[in-house]
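Colleague: I would like a close look at one part of this model. Please take me through the sheet and the helices around it.

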Amino acid sequence: MNNFSEKVSFIWGVADLLRGDYKQSEYGRVILPFIVLRRLDQVLSPSREAVWEADARSRHLPEALREKMLMKAAGCGFYNTSRLDFPKLLADPDNVAANLTGFLHGFSANVRDIMERFRFEVQITRLDNANLLFLVARKFVEIDLHPFQRNPDGSVHMGPDGQPEPNVTNHEMGYIFEELIRRFSEQSNETAGEHFTPREVIRFMVNLLFAEDDEALHQPGIVRKMYDPACGTGGMLSVAEDYLARLNPQARFQVYGQELNDESYAICKADMLVKGQAADNIKCGNSFSADGLPGLKVDYLISNPPFGVDWSKAERAVRDEHEHRGFAGRFGPGLPRKNDGSLLFLLHMLSKMKAPDPGPNGGGSRLAIVFNGSPLFTGSADSGESNIRRWIIENDWLEAIVALPDQMFYNTGISTYIWLLTNRKAPERRGKIQLINGVSHFREMRKSLGDKRKELGPEDIDTLTRLCVDFQEGPEVKLFDNADFGFHRITVERPLKLNFQPSPERVLVQQKTEFCPVVFSGLESHGLRPRSGPGRPSW
């Protein structure tokens, strides 16, 4: 079973065991952690005995030093000191739950962190209570996710060149994991602001980011960094990494991210781990109130932050930074209204841009972010939103805005826009902003996925990328000066004009008004007085 689609279908078949005891949207909580454990178990199999020896020698050492010794013995960025592996778990069917839990606790801290965020021990108990744990574990033992081919005795099979013959490479493992993430995401009922970004939209954003750097990205041994402050399950980082790997296999691409949701963070970090990436570059927490990567400066920034999400939980930290640090912090230009933190994500990302370098390396950064219409239009002159837009435009960072077709996302049909920003504009773009109308570039999907009924085809991506790169006016492209977007809010006041002209109607109203005291005095003579209280007097 070496074929990619066969492996995915086999793993997806585990869902048949879960049906009835689990909802469709819950399948990923079981299958994804098991995939991670099976892959890591097989990656560690050649170094297992070396890790046991290092563990025995290092138990009296400080934890930090012991960690380094065990990592070195494992030969990768994680380890497991447990004497168990997946086949041994099945050898004791009556104690699979206890043994699997002990197996988890033998892993290094970074793997335990992933499993804790998955709340996997809760799933172990749930599966065990439903008499499913042994069946699911046995299913995963049947799939071979070992990075190298093996001989019948279990040793690694060596090729004619003396190097291990690949079986499931990190790259292939990443494809398997991400395909399953995509399937689970399509089945889950998420809110419009927490959707899974379609792969073709990510590819288009990555095209826009890399289009101006094509020559530089072909240099052998080049190192580039990318950051996503709302990385979700890591889809954007993975697509960018894959793009650069195809463009230049010799390039080194380092990815960084932060995610608030525990489960999404666990999936993203696990994806980095199974692909051999530096998983510790993925942080958990609120990017506004607890920046997990302070001081980080990167070449590329990409994100699809949640739409219309209230940032009240981080309000104290954000306002404190805004008021006390000003432009030395991230939120100096202004603060948007509390019911939509989209522009806060943009300000946070801008703080991670590298300074431009006039030398041959160029320096600077490029940024692509998906927004709905709110950041474009919300806020009058001198509001927080307006001041943020003004600051960006006056610094000449906004390069282009691309309007996408509606119905592009799985759980929201609203119109969306890609903002492209950079602090190293090409000379011909300086002082200009490019607007691209891409709403007609799509193809209808054969079968809709929730609210997603349209997608960008390869030709649509190529066309829109070319429109952006060509930088020429046309039916779907408009070029404006930065100053064209400035405006003032003016309050127009005029003198109060009163009309004192008498008329029969006004005379009648006056007579009725004069009659009222007479009526009141007549009622009082009969002992009736108005009661005080809100509203009209009552008798």
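Modeller: This is a predicted model. Start with helix H17, residues 342–350. H17 lies across four strands: S1 (223–228), S4 (300–303), S5 (366–371) and S7 (417–422). Its direction is at about 170° to S5.

Now the sheet itself. Those strands belong to an open sheet of nine strands. The order is S3-S2-S1-S4-S5-S7-S6-S8-S11, and the pairing is mixed. At the edges are strand S3 (282–284) and strand S11 (477–481), each of which pairs on one side only. From one strand to the next, the twist averages 15°.

Look at the S11 edge. Strand S8, residues 432–437, is joined to S11 by five bridges. S8 and S11 run antiparallel. One bridge to find on screen: isoleucine 433 has phenylalanine 480 in S11 as its partner.

Next, a pair of helices. Two packed helices are described by the angle between their axes and the distance between the axes. Helix H12 covers residues 199–210, and helix H14 covers residues 235–247. Their axes come within 9 Å and cross at roughly 55°. H12 is therefore oblique to H14. The crossing of H12 and H14 is right-handed.

Which residues make the contact? H12 brings Arg199, Ile202, Arg203, Met205, Val206, Asn207 and Phe210. H14 brings Gly235, Met236, Val239, Ala240, Tyr243 and Leu244. Across this contact of H12 with H14, nine residues are nonpolar, two are polar and two are charged. The charged ones are Arg199 and Arg203, both from H12.

Terms used. Residues are numbered from 1 along each chain as its sequence is written. This is a predicted model: local features need pLDDT of at least 70, side-chain atom pairs count only at pLDDT 80 or more; totals for chains, interfaces and linings use all residues. Side-chain values use heavy atoms; hydrogens and water are left out. Two strands pair if DSSP finds at least two bridges between them. Helices (H or I, at least four residues) and strands (E, at least two) are DSSP runs, numbered from the N terminus. Axes are lines fitted to C-alpha atoms, for helices over the stretch in contact, and angles run from 0 to 180 degrees between N-to-C directions. Contact means heavy atoms within 4.5 Å. Angles under 35 degrees count as roughly parallel, over 145 as roughly antiparallel, 65 to 115 as roughly perpendicular and the rest as oblique. A crossing is left-handed if the near helix is turned anticlockwise from the far one by less than a right angle, and right-handed if clockwise.
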